[in-house]
Amino acid sequence: MTSSTRALLPRRPALPSPAQIRTDVLAGLVVALALIPEAIAFSLIAGVDPRIGLYTSFVMAVSISFLGGRPAMISAATGAMALVAAPLSIEYGIDHLVAATLLAGLIQIALGLAGVARLMRFVPPSVMTGFINALAILIFLSQVPYLVGFDVPAHVMVVIGLGIVFGLPRLTRVVPAPLVAIVVITAAALLMGLSTRTVGDEGELPDALPMPFLPDVPMTWDTLALIAPYSLTLALVGLMESLMTAKVVDDRTETPSDHAREARGQGFSNLLVGLFGGMAGCAMIGQTMINVSSGARTRISTFLAGLFLLVLCVGLGDIVGLIPMAALVAVMIFVSIVTFDWRSIAPSTLRRMPWTETLVMVVTVVVVVATHNLALGVIVGVVVSMILFARKAATRADVTSVLDPDGGTRVYSVSGEVFFASTGTLVERFDYGERGLTKVVVDLSGARVWDSSAVAALDRVSEHFARHGVPVEITGLDEPGRRLHTELSGTLSGDH
């Protein structure tokens, strides 16, 4: 084989170094510990047994480590998916919830194959910033109930935990600071005999492995009609959160990932979750940021997060149940602080940033925080951004004119973007009643014609002048504009 032939072959990914493997192993352990109370809380939101959320998180994390497209990203049971699933679960039971999970997985696979990941390029940076900031706020707000219900020793433990996670990296990064904080606070609470809220107080931990499960629901069109709206919503919310989280990790780690594979992987993982009796899950920004902030960069951390979760719950449940919630609250507050994009609200940034982008960011944050629906916040942010862009582009369509020296021809020069939002004012910029004209030339060399509304506007201009007996010549169209005008109007006459 020649060197040129070898150069054309795809390169195998480099194996992680022993130091990176050690970092990923420890990061996976920290994530597993942080997943336990979250999975239990999300199970309660969805109206199911806490073990359902824990099994979901285990199956999802392990399977996505093989099937997903973003290394080091954590997928498990999430609050957004639990909120969507709750009405179905509470009213119809776990069997219908599992059936909806299976259908949601199939929908996600279909959307992944259809290229839904490519839609991420239409999400503006201001919406991404709003998404990140809203998630940071939600992570912090989710810890407030624990802070309000804590006694003084617990508050002290939270402060000590924050001191460790922020201070230890200045001394060493050999061991993830969140893991040290959890171990130190747990040991201190046990040695001092402090009575404080623990992980065991959040719900019963499982004592057995998850088993295959098929939902006992009627295989009828009525069942499909019942679960389909929930499944479609779960699929869309899950893909939105997962792809947005993947993009955040891409930016934070400065490494690319396969978003199309991630979309398909989310679907296959949810199929597996459903086959083990779980509820639909997706990427988790909080646990993902714990993982990335701890130095994890490979799929090893994701796989071990799921595996450690199972071992901790099934094999070491009694020990894990002793961990003070204060330790995990400190870790999650740390995650919310490092996740928030503080530069986006710095006075220097706000002075330089166009007000429209700041508005889009704020709208995204407000909608997400108010509804706890990340997908809705992103959709609203994108729509607002599109409206503001259309408004801005519409104001850039301008018309100037000059009279030919012979006095019989007036040349109108159009500049800017000509589309549905700018055509209304465009038509009004011509003087149709000017006397003494024998010809009008509309020069579009400085403009771009985008849609049928633009062609219709040019036709109206020609019709208005025709009523006064003045012919109109259209010139300066680029090739796409020429084709569009020819196909939709057939009146093109200039620039031959």
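Begin by selecting helix H5 (residues 94-113) together with helix H10 (residues 259-275), which pack at an angle of about 160 degrees with their axes 7 Å apart. The axes are lines fitted to C-alpha atoms, for helices over the stretch in contact, and angles run from 0 to 180 degrees between N-to-C directions; helices (H or I, at least four residues) and strands (E, at least two) are DSSP runs, numbered from the N terminus. That angle makes H5 roughly antiparallel to H10, on a scale in which angles under 35 degrees count as roughly parallel, over 145 as roughly antiparallel, 65 to 115 as roughly perpendicular and the rest as oblique. H5 passes H10 in a left-handed crossing, a crossing being left-handed if the near helix is turned anticlockwise from the far one by less than a right angle, and right-handed if clockwise.

To display the contact (heavy atoms within 4.5 Å), show Val98, Thr101, Leu102, Gly105, Leu106, Gln108, Ile109, Gly112 and Leu113 on the H5 side, and Ala263, Arg264, Gln266, Gly267, Phe268, Asn270, Leu271, Val273, Gly274 and Leu275 on the H10 side. The residues of this contact divide into ten nonpolar, eight polar and one charged, where Ala, Val, Leu, Ile, Met, Phe, Trp, Tyr, Cys and Pro count as nonpolar, Asp, Glu, Lys and Arg as charged, and the others, Gly among them, as polar.

A word on what is on screen: this is a predicted model, in which local features need pLDDT of at least 70 and side-chain atom pairs count only at pLDDT 80 or more, while totals for chains, interfaces and linings use all residues. Residues are numbered from 1 along each chain as its sequence is written, and side-chain values use heavy atoms, with hydrogens and water left out.

Keep H5 selected and add helix H9 (residues 221-253), which packs with H5 at an angle of about 55 degrees, the axes being 7 Å apart. H5 and H9 are therefore oblique to each other, and H5 passes H9 in a right-handed crossing. On the H5 side, the residues to show are His96, Ala99, Ala100, Leu103, Ala104, Ile107, Gln108 and Leu111, while those they meet in H9 include Thr223, Leu224, Ile227, Ser231, Ala235 and Leu239. The residues of the contact of H5 with H9 divide into 15 nonpolar, five polar and no charged.

Next, follow H9 to Asp250, whose side chain meets that of Arg70 in a salt bridge (2.5 Å, N to O). The pair links distant parts of the chain, with Arg70 in the loop between helix H3 (50-67) and strand E1 (75-76) and Asp250 in helix H9, 180 residues apart. A salt bridge here is a side-chain nitrogen of Lys or Arg within 4 Å of a carboxyl oxygen of Asp or Glu, and the structure holds six of them. Arg70 is buried, with a relative accessible area of 6%, and Asp250 is buried too, at 13%; buried means under 20% relative accessible area, exposed over 50%, and partly exposed in between (1.4 Å probe, protein chains only).

Stay in the loop between H3 and E1 to find Ala72, where phi is near 75 degrees, a positive value in a residue other than glycine. At 2% relative accessibility, Ala72 counts as buried. Most residues other than glycine have a negative phi. Then select Glu254, in the loop between H9 and H10, which has a positive phi of about 55 degrees although it is not a glycine; Glu254 is exposed, with a relative accessible area of 72%.

Two further salt bridges can be selected in turn. The side chains of Asp49 and Arg51 meet in one (3.0 Å, N to O), and there Asp49 counts as partly exposed at 34% relative accessibility, as does Arg51 at 28%. Lys439 forms another with Glu473, the closest N and O atoms being 2.7 Å apart. Lys439 lies in strand E5 (residues 439-449) and Glu473 in strand E6 (residues 472-475), so this pair ties together parts that are 34 residues apart in sequence.

For the last stop, select Ser385 in helix H17 (residues 374-394), a buried residue with a relative accessible area of 17%. Leaving aside its neighbours within four places in sequence, Ser385 is in contact with Pro124 and Val360.
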